[in-house]
Amino acid sequence: MAAVRSRHNGAPTVETETDNQIAKSHNNNNKLEKSPSKNGNPEKSDPMIYIIFVSLLFDLLAFTIILPLLPSLLEYYRQNDSSGLYAVLTDRVRWFQQLLGAPERYISVLFGGFLGSMFSFLQFVASPIVGGLSDYYGRKPVLLVCASGIALSYLIWACSSNFALFVLARFVGGISKGNISLCMSVITDVSSVKTRGRGMALVGVAFSLGFIVGPMIGALFAIFSDKSGGAWFVLPSLLAFGLAIGDLLVLGCCLRETLPKEKRVKEISSALSYGLQLLNFSAIFRFAAIKNVPKKDVEALRSIGLIYFLYLFLYSGLEFTVTFLMYHKFGYTSMDQAKMFLTTGVIMTLLQGSVVRRLPEAKIKGYAIFSLYLIVPAFVLVGLAEGSRLLYAGMTLFAISTAFAVTCLTTLVSKYGNDDQKGSVLGIFRSLGALARALGPVVGCIAFWCVGSRITYIAGGLLLIYPAMALQRARI
């Protein structure tokens, strides 16, 4: 869920892991916006879209296997960390724990938040740089490098007999996760305006399937693994490694280069300049890279961007801790958590496949407002829950809201900017989301650790009223 996170990233799903998507990284590629599909038929989707679908499915299945295992993994390292890193970090925060009277059993929640935020921050840093490099070297070679790094991270996880190696595995995985933004760039390269929606819909399906099936696989490993027998996580980590190798083979053998040399940036410094702008916090909030557009459009972009950031900041912090809530408060096993992921994933998949992709443009804002308001009672119910029935009710509302929110907000922001700036607008928008997901989990986990789950979820849910009201008042 940490991802339903993204869970889930086009939705939390599509954005989870996602949020780091950059539609295009440089204006040299803007001619592609108006180009027909590379297969010569503007109404027919390019086969490369389906290759990207398979690649993302392999990647997301591998990524989500760990989600229901994370609380148990941190408990394992708390008891079996030969590197001493877990003990050192525990000692560093113990004074804070004593000051606030926070329960020691929630220290794993705090560590989980730091790991989640580190992973997302590395994505925030890597995605624009990777996008710039792909504008110069081409999509395929950079995608292969990213996929190799992701595979290496799972191999390190399999060998992580101590907490330091596990942190290293997450670091390598996070810095390699620019593959998501590159996959979006490939779809942009080979799509026309009419067929791009189909490609993005397939991305949403890949995320939904990944976040349904992956946690179930991880839960099965958790159930049948003997946790008293040492490094019980080796088998799921090796499966994730195998899926990552499958992704690497698919990309290496089936993906063609979608950015021809004549359309690439001529100088690498030019390719990286736009990416580096996306690492400037002030610039991305101001949409400083968007020039020569009406002032009201810039103001609209800044309004939507701020709403999006605040929503994802609060959302990701609360979302990330749900796994720990189920583990610590409700005593959910890995299979119990996987059933929850399955329920929310199926709801989001059905809504995204049947309703969200067919929304008329005139109703996009209304549904975005509806989804932002709906997340408020969702988290309040989760905070108040003392049993599974109320928890499932809250998570059902969560899934419905998530199915609409990010997609609708992305559609709203994509209306602004000149034709040759759409890629830049979406790139900045995704960077705001990545930054929010980098900060949200650690803040949410600190609140969970300090004041408990009930206050954290209720307060966070009530704070989510502000983005909904801001969007309702915005003139966009």
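This passage describes salt bridges, enclosed spaces and a surface patch in a predicted model.

Salt bridges come first. Side chains of opposite charge can pair when their charged atoms come close. The count in this model comes to 8 salt bridges. One of them joins the side chains of Arg256 and Asp46, with a distance of 2.8 Å from N to O. Arg256 sits in the loop between α10 and α11 (268-277), and Asp46 sits in the loop between α1 (12-16) and α2 (47-64), so this salt bridge ties together parts 210 residues apart in sequence. The two partners differ in exposure. Arg256 is partly exposed, because its relative accessibility is 33% and the partly exposed class lies between 20% and 50%. Asp46 has a relative accessible area of 1%, so Asp46 is buried.

A second pair is Glu319 and Arg437. Their closest N and O atoms are 3.2 Å apart. This pair links distant parts of the chain, 118 residues apart. Glu319 belongs to helix α13 (residues 295-328), and Arg437 belongs to helix α17 (residues 422-451). Are these two residues buried or exposed? Glu319 is buried, with a relative accessible area of 1%. Arg437 is also buried, at 3%.

A third salt bridge forms between Lys329 and Glu386, where the closest N and O atoms are 3.8 Å apart. Lys329 lies in the loop between α13 and α14 (334-354). Glu386 lies in the loop between α15 (364-384) and α16 (388-413). The pair therefore ties together parts that are 57 residues apart in sequence. Lys329 is partly exposed, with 29% relative accessibility. Glu386 reaches 57% and counts as exposed, because the exposed class starts over 50%. Salt bridges can also share partners. Asp135, Arg139 and Asp189 are joined in this way into one network.

Next come the enclosed spaces. The model has 4 cavities of 30 Å³ or more. The second largest cavity holds about 90 Å³ of space. Its lining includes the aromatic side chains of Phe63, Phe119, Tyr154, Trp157 and Phe166. Ile66, Ile150, Ser153, Ala169, Arg170, Gly173 and Lys177 also line this cavity. Helices α6 and α7 (163-175) are the elements that each give two or more residues to the lining. By class, this lining has 8 nonpolar, 2 polar and 2 charged residues.

The second largest pocket has a volume of about 220 Å³. Three elements give two or more residues to its lining: α3 (70-80), α4 (85-100) and α5 (107-137). In total, 13 residues line this pocket. Which residues lie nearest its centre? They are Arg78, Tyr86, Thr90, Arg94 and Glu104. Helix α4 supplies the largest share of the lining, with 4 residues. The classes in this lining are 4 nonpolar, 3 polar and 6 charged residues.

The last feature is on the surface. Leu152, Leu155, Leu235 and Leu238 form a nonpolar patch there. Together they have about 340 Å² of accessible area. Two helices, α6 (139-158) and α10 (234-254), each supply at least two residues of the patch. Leu238 is one of the patch residues, and it lies in helix α10. Its relative accessibility is 38%, so Leu238 counts as partly exposed. That value fits the patch rule, because patch residues need over 30% relative accessible area.

Key
Residues numbered from 1 in each chain as written. Predicted model: local features only at pLDDT ≥ 70, side-chain atom pairs only at ≥ 80, totals over all residues. Heavy atoms only, no water. 1 Å grid on protein atoms, 1.4 Å probe; cavity = no way out; pocket = protein on both sides within 12 Å on 5 of 7 lines; lining within 4 Å. Points joined across faces, edges and corners; volume = space filled by probe spheres on them. Nonpolar A, V, L, I, M, F, W, Y, C, P; charged D, E, K, R; others polar. Patch = residues over 30% accessible without salt bridge, like charges linked within 9 Å, V, L, I, M, F, W, Y side chains within 5 Å. Areas by Shrake-Rupley, 256 points an atom, 1.4 Å probe, with all protein chains shown as cover. Salt bridge = Lys/Arg side-chain N within 4 Å of Asp/Glu carboxyl O. Buried < 20%, exposed > 50% of the residue type's maximum accessible area, 1.4 Å probe, protein only.
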